[in-house]
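Me: I should like a close look at one part of this protein, namely the side-chain pairs that join its helices. Please set that part in the context of the whole chain.

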Amino acid sequence: MTMGHTTRNPIRRDPELDRPAGLPPRRGPIRRLLRWAGFGCVLAIALLFGGFLRFADSVTTLKPPVEPKADAIVVLTGGYQRIDQAVELLQKGAGKRLLISGVHPTTTPAQIRKMTQGSADLFSCCVDIGHDALDTIGNAEETSNWIHAKGYRSVLVVTNNYHMPRSLAELSYVDPDIDFIAYPVVNSDLKTRNWFTDPNAMRVMLAEYAKVLLAGARNITGFGRHTGLRSASASASN
């Protein structure tokens, strides 16, 4: 400062005023980040929606083979309709032996035979009851143990059509060298063109699609994977 004079700070000109006309103003890093995050969310939603449409189309158009044939048959429990179909396949000679995987420990072979109206001779010679599986992962591991104990190379997999993609994914993860052949039990609620207007059918499809995505991520990363077997759970708790 000089006697009688005051030094003033120069006024800085806004750089945006010097930008050529027609060019958009520069965006700050936070705004750019939010913009790209928005694009990412839109893309993720589009991919999820497209994946669901593909999953729904594959499930609703899934059909059993015309002349099914394999070394053996496995049915994943979840309804007697599945077991009925598997027993019928065994009777027709589609496989040499049948594993019913994931049966509750309190359920006896006699109860299953009575519900399916299968012959005592058939159940005695050619049906094995698996009580060890707790979930689909457990089904895959129980089936794998049974396959290797019997020496089979190809297996018909019987379960509901909406459950088939996840079942095959888990089975192939545990035993990639075995030929697993899908034999879907078609759910009548998903056979109509307007299944997506049925809240119950839509809820089933969305839930199963979410499980398929989680199973895929789990099988790729290995994170969150468990044994799914009662025997292993009991051993871990002791």
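Reply: The account below begins with the overall make-up, turns to the pairs that involve helix H7, and then takes up other local features.

The model is predicted. It describes a protein of 238 residues, of which 34% count as buried. The protein contains 8 helices and 5 strands, and from the N terminus on these elements follow the order α-β-α-β-α-α-β-α-β-α-β-α-α. Among contacts with a separation of 6 or more, 78% are between residues 24 or more positions apart. The surface that the protein exposes comes to about 15,200 Å², and 58% of this is supplied by carbon and sulfur atoms.

The charged pairs between helices come next. Side chains of opposite charge can pair when their charged atoms come close. In this protein the count of salt bridges comes to 5. One of them is formed by the side chains of Glu208 and Arg166, with an N to O distance of 2.6 Å. Glu208 belongs to helix H7 (residues 199-221) and Arg166 to helix H6 (residues 164-174), so this pair ties together parts of the chain that are 42 residues apart in sequence. Both Glu208 and Arg166 are buried.

A salt bridge also joins Glu170 and Arg218, whose closest N and O atoms are 2.7 Å apart. Here Glu170 lies in helix H6 and Arg218 in helix H7, so the pair ties together parts that are 48 residues apart in sequence. Glu170 is buried, as is Arg218. Moreover, Glu170 and Arg218 belong to a network of salt bridges that includes Arg225.

Helix H7 also takes part in aromatic pairing. A pair of aromatic rings is described by the distance of the centres and the angle of the planes. The structure holds 4 aromatic pairs. Among them is the pair of Phe52 and Tyr209, which is edge-to-face, with 5.5 Å from centre to centre and 65 degrees between the planes. This pair links distant parts of the chain, since Phe52 is in helix H1 (residues 29-60) and Tyr209 in helix H7, 157 residues apart. Phe52 counts as buried at 9% relative accessibility, and Tyr209 counts as buried at 11%.

Tyr209 also pairs with Phe55; this arrangement is tilted, with 5.6 Å from centre to centre and 40 degrees between the planes. Phe55 is in helix H1 and Tyr209 in helix H7, so this pair too links distant parts of the chain, 154 residues apart. The relative accessibility of Phe55 is 6%, so this residue counts as buried. Phe52, Phe55 and Tyr209 form one aromatic cluster.

For comparison, a further salt bridge may be considered: the side chains of Lys92 and Glu88 meet at 3.0 Å, N to O. Lys92 is exposed, with a relative accessible area of 63%. Glu88 has a relative accessibility of 33% and therefore counts as partly exposed.

The cysteines deserve separate mention. A search of the whole structure finds 1 disulfide. This bond joins Cys125 to Cys126, with an S to S distance of 2.3 Å. The torsion about the S-S bond of Cys125 and Cys126 is about -85 degrees, so the disulfide is left-handed. Cys125 has a relative accessibility of 41% and so counts as partly exposed, whereas Cys126 is buried, with a relative accessible area of 15%. Cys41 is partly exposed, and its relative accessible area is 49%.

Finally, Asp128 is found in strand S3 (residues 127-129). With a relative accessibility of 18%, Asp128 counts as buried, because the cut-off for a buried residue is under 20%. Leaving aside residues up to four places away in sequence, Asp128 touches Arg97, Leu98, Leu99, Ile100, Trp146 and Lys150.

To return to the part requested, helix H7 is joined to helix H6 through the pair of Glu208 and Arg166 and through the pair of Glu170 and Arg218. Helix H7 is linked to helix H1 through the pairing of Tyr209 with Phe52 and with Phe55.

Definitions and conventions: Residues numbered from 1 in each chain as written. Predicted model: local features only at pLDDT ≥ 70, side-chain atom pairs only at ≥ 80, totals over all residues. Heavy atoms only, no water. Disulfide = S-S within 2.5 Å. Buried < 20%, exposed > 50% of the residue type's maximum accessible area, 1.4 Å probe, protein only. Salt bridge = Lys/Arg side-chain N within 4 Å of Asp/Glu carboxyl O. Helix = DSSP H or I, 4+ residues; strand = E, 2+ residues; numbered from the N terminus. Phe/Tyr/Trp six-rings, centres within 6.5 Å; stacked < 30°, edge-to-face > 60°. Contact = heavy atoms within 4.5 Å. Areas by Shrake-Rupley, 256 points an atom, 1.4 Å probe, with all protein chains shown as cover.
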